[in-house]
Structures are given as C-alpha cells and as structure tokens.
Amino acid sequence: MTAAAEVVASSLVVDVSHVTLRFGGVVSLDDVSLQQHGGEILSVIGPNGAGKTSLFNCLTGVYTPQEGQITFTAADGRSHRLNGGKPHDITQLGVARTFQNIRLFNALTAFENVKIGVEAHQTTGPIGAMLRLPHTRREERDGDARTLELLDFVGLRSRANELSASLPYGGQRRLEIARALGTGPQLLLLDEPAAGTTGSEKVELGQLIRRINAEMGVSVLLIEHDMRLVMSVTDRVVVLNFGKVIAAGAPTDVQRDPAVVEAYLGAPADTDGGGGDAASR
Ligand SMILES: Nc1ncnc2c1ncn2[C@@H]1O[C@H](COP(=O)(O)OP(=O)(O)OP(=O)(O)O)[C@@H](O)[C@H]1O
Ligand SMILES: [Mg+2]
C-alpha cells in the first residue's frame with residue numbers, strides 16, 4: 001500500500017468519499033459517497049450498468065478512481081487508503097470478494113479452490129515451503145483444517161473432493177464465498193451471488209450471508225438484483241443509477257422511493273402507489 005496506516009477511532013469499515021471513475025467519455029462512478037458501519041450488511045442495488053461492479057473494482061484495487069478516497073478500517077483499528085492499492089495488498093488487509101461471473105479453478109476440487117484462499121492468508125513464503133520447516137508443516141495442517149471447516153460452513157464438506165465444475169451452480173457460488181472467507185476478511189464483497197441460482201438456493205444463500213455476518217462477525221457489502229434476498233438480509237441499501245447514488249436508507253423506504261422506482265421503470269413513479277414495487281425484480 002502506498003499510504004501509511006493511521007490509527008483512527010472509526011465505527012466505519014468502509015468510507016467511500018466523492019469517488020469518480022471514468023473510462024474515456026463513460027463515467028462509471030460519478031462523485032459516489034457511501035459509508036458502511038462495522039458489522040453491517042449493506043446492499044448496493046441499481047439497474048444494469050449503474051456502476052455497482054465498478055464500485056467493487058475500485059474497492060479491491062482493480063481500478064483506481066480518478067477522484068475521491070476510499071478508506072478501509074481494519075480489525076486492528078488502523079485505517080488504510082484502498083484507492084491506488086494493489087488487489088493482493090487489499091486482500092491482506094481484510095477485504096475479500098466474489099465475482100459476478102464465477103471465477104473458480106474448474107480443474108481443481110472444491111477443497112483445492114478453498115485452500116487457495118486459505119493459503120493467501122498464511123505467512124509461509126516459497127523458501128519456507130521448499131524447506132518444509134516445522135512452522136510450514138503446522139501451517140499446512142491448520143490450512144487443511146480451516147479449509148474443511150469453511151467447506152462445512154457453506155454446506156459443501158461432503159463434496160470436498162469433487163471438481164468445482166461438477167457442482168451445481170448454487171454450490172459453485174457458495175464455494176466461491178468459502179474461498180473468499182479463507183482469506184480471513186473483515187469485509188466481504190459479494191457481486192450478485194444469487195445470479196443464476198434456483199429459488200431454494202437463494203433461500204440458502206440468504207441464510208449463509210446472515211451466518212457469515214452473525215457468526216464470523218464479517219461485514220458484508222452485497223450487490224444483488226434479487227430484491228427478496230436484498231430485503232431479507234440487508235440492514236441498509238444504497239441505490240446507484242448512471243454512476244450516481246440516488247437513494248440510501250432502510251430497504252423498505254428505498255424500495256418505495258420515487259427516484260428508485262423511476263430508475264427501474266424509466267418513468268416517473270405512479271402517484272397511486274401502483275409503481276411502488278418496481279424495484280422488486
Ligand atoms: N473496463 C471498462 N472499460 C470501459 N467501460 C467500463 C469498464 N468497466 C465498466 N465500464 C462501464 O461502466 C459502467 C458501469 O458498469 P458496471 O459493470 O459497474 O455496472 P453494474 O452496475 O455492475 O451493471 P450490471 O448490473 O449489469 O452488472 C457501464 O457503462 C460499463 O460499460
Ligand atoms: Mg455488475
């Protein structure tokens with residue numbers, strides 16, 4: 001990381017302040033500010049192309065916004081600037097993510113996929129691994145145990161030795177979450193985890209997100225189009241449209257907000273309340 005860490009008393013896990021991201025003439029994020037409190041499940045919703053994934057890419061060092069600051073407060077209370085940071089460093093700080101299009105190693109088993117996440121969190125370097133030092137062997141054992149624990153947590157322990165590609169779609173989504181959890185995050189970013197899953201898989205996913213939050217103490221930032229899932233797990237919702245924040249607040253308030261209804265319908269909200277459910281696709 002380029003910026004030195006500073007200790008600040010902050011209840012925020014993430015503070016996005018006036019972030020603007022442009023690609024040539026396209027403005028993906030336009031002066032976006034949002035805050036997430038430690039322990040919160042916050043959802044980011046908005047129509048296709050609104051800038052949701054771009055926001056995750058700025059948070060994880062994939063893109064560097066031209067303007068603004070993104071500050072992450074780690075478990076030890078130190079704050080770090082994420083914009084301009086490298087993806088690997090940001091993972092080490094305690095920010096993990098999944099991808100809109102699943103990115104698993106198809107030729108590896110479920111176990112091996114999660115182990116990669118767990119190893120990213122361990123301290124052994126290539127020399128330690130080559131010399132098989134006692135510390136390395138202990139880490140290896142601990143890593144295997146942690147991997148199995150995480151597979152169990154997401155309901156995939158019995159499928160540990162199957163190739164990830166052979167799992168049902170919902171299973172692959174949960175496996176990707178397990179791999180992200182392997183890195184020991186304080187903040188987990190989920191980009192449309194319910195996309196392509198069945199109704200019952202969505203219900204399981206909602207339960208899993210709540211357990212990650214309650215049992216592991218991980219803050220969750222969720223991008224999701226499925227409003228039932230958003231409403232069932234979220235503390236607060238931020239709505240993006242054309243790269244701008246157009247609403248933020250409690251899920252039920254945001255869903256009824258005329259600006260949100262208009263963003264989804266492309267027309268002003270019905271005054272008789274008929275359009276009030278427009279964001280529920
Ligand atoms: N690497 C890139 N180069 C050029 N334009 C980009 C790039 N990444 C994103 N954009 C543009 O930024 C805008 C926001 O895209 P983004 O993927 O963040 O939207 P989104 O809200 O995640 O949409 P969806 O719901 O479809 O996933 C779009 O106009 C997109 O074309
Ligand atoms: Mg997206």
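Two residues are in contact if their C-beta atoms, placed from the backbone, lie within 7 Å. The model is predicted: local features need pLDDT of at least 70, side-chain atom pairs count only at pLDDT 80 or more, and totals for chains, interfaces and linings use all residues. Residues are numbered from 1 along each chain as its sequence is written, while chains are lettered from A and ligands numbered from 1 in the order in which they are written.

**Exercise 1.** Determine what share of the contacts between residues at least 6 apart in sequence joins residues at least 24 apart.

*Solution.* Of these contacts in the chain, 66% join residues at least 24 apart.

**Exercise 2.** Describe how helices α6 and α7 pack (helices are DSSP runs of H or I, at least four residues, numbered from the N terminus).

*Solution.* Step 1: α6 covers residues 169-182 and α7 residues 199-216. Step 2: their axes, lines fitted to C-alpha atoms over the stretch in contact, are 10 Å apart at an angle of about 10°. Step 3: angles run from 0 to 180 degrees between N-to-C directions, and those under 35 degrees count as roughly parallel; α6 and α7 are therefore roughly parallel to each other.

**Exercise 3.** Identify the residues through which α6 meets α7.

*Solution.* Step 1: α6 contributes Gly-170, Arg-173, Arg-174, Ile-177 and Leu-181. Step 2: α7 contributes Glu-201, Glu-204, Leu-205, Leu-208 and Ile-212. Step 3: the residues of this contact divide into five nonpolar, one polar and four charged (Ala, Val, Leu, Ile, Met, Phe, Trp, Tyr, Cys and Pro count as nonpolar, Asp, Glu, Lys and Arg as charged, and the others, Gly among them, as polar).

Definitions and conventions:
Helices (H or I, at least four residues) and strands (E, at least two) are DSSP runs, numbered from the N terminus. Angles under 35 degrees count as roughly parallel, over 145 as roughly antiparallel, 65 to 115 as roughly perpendicular and the rest as oblique.
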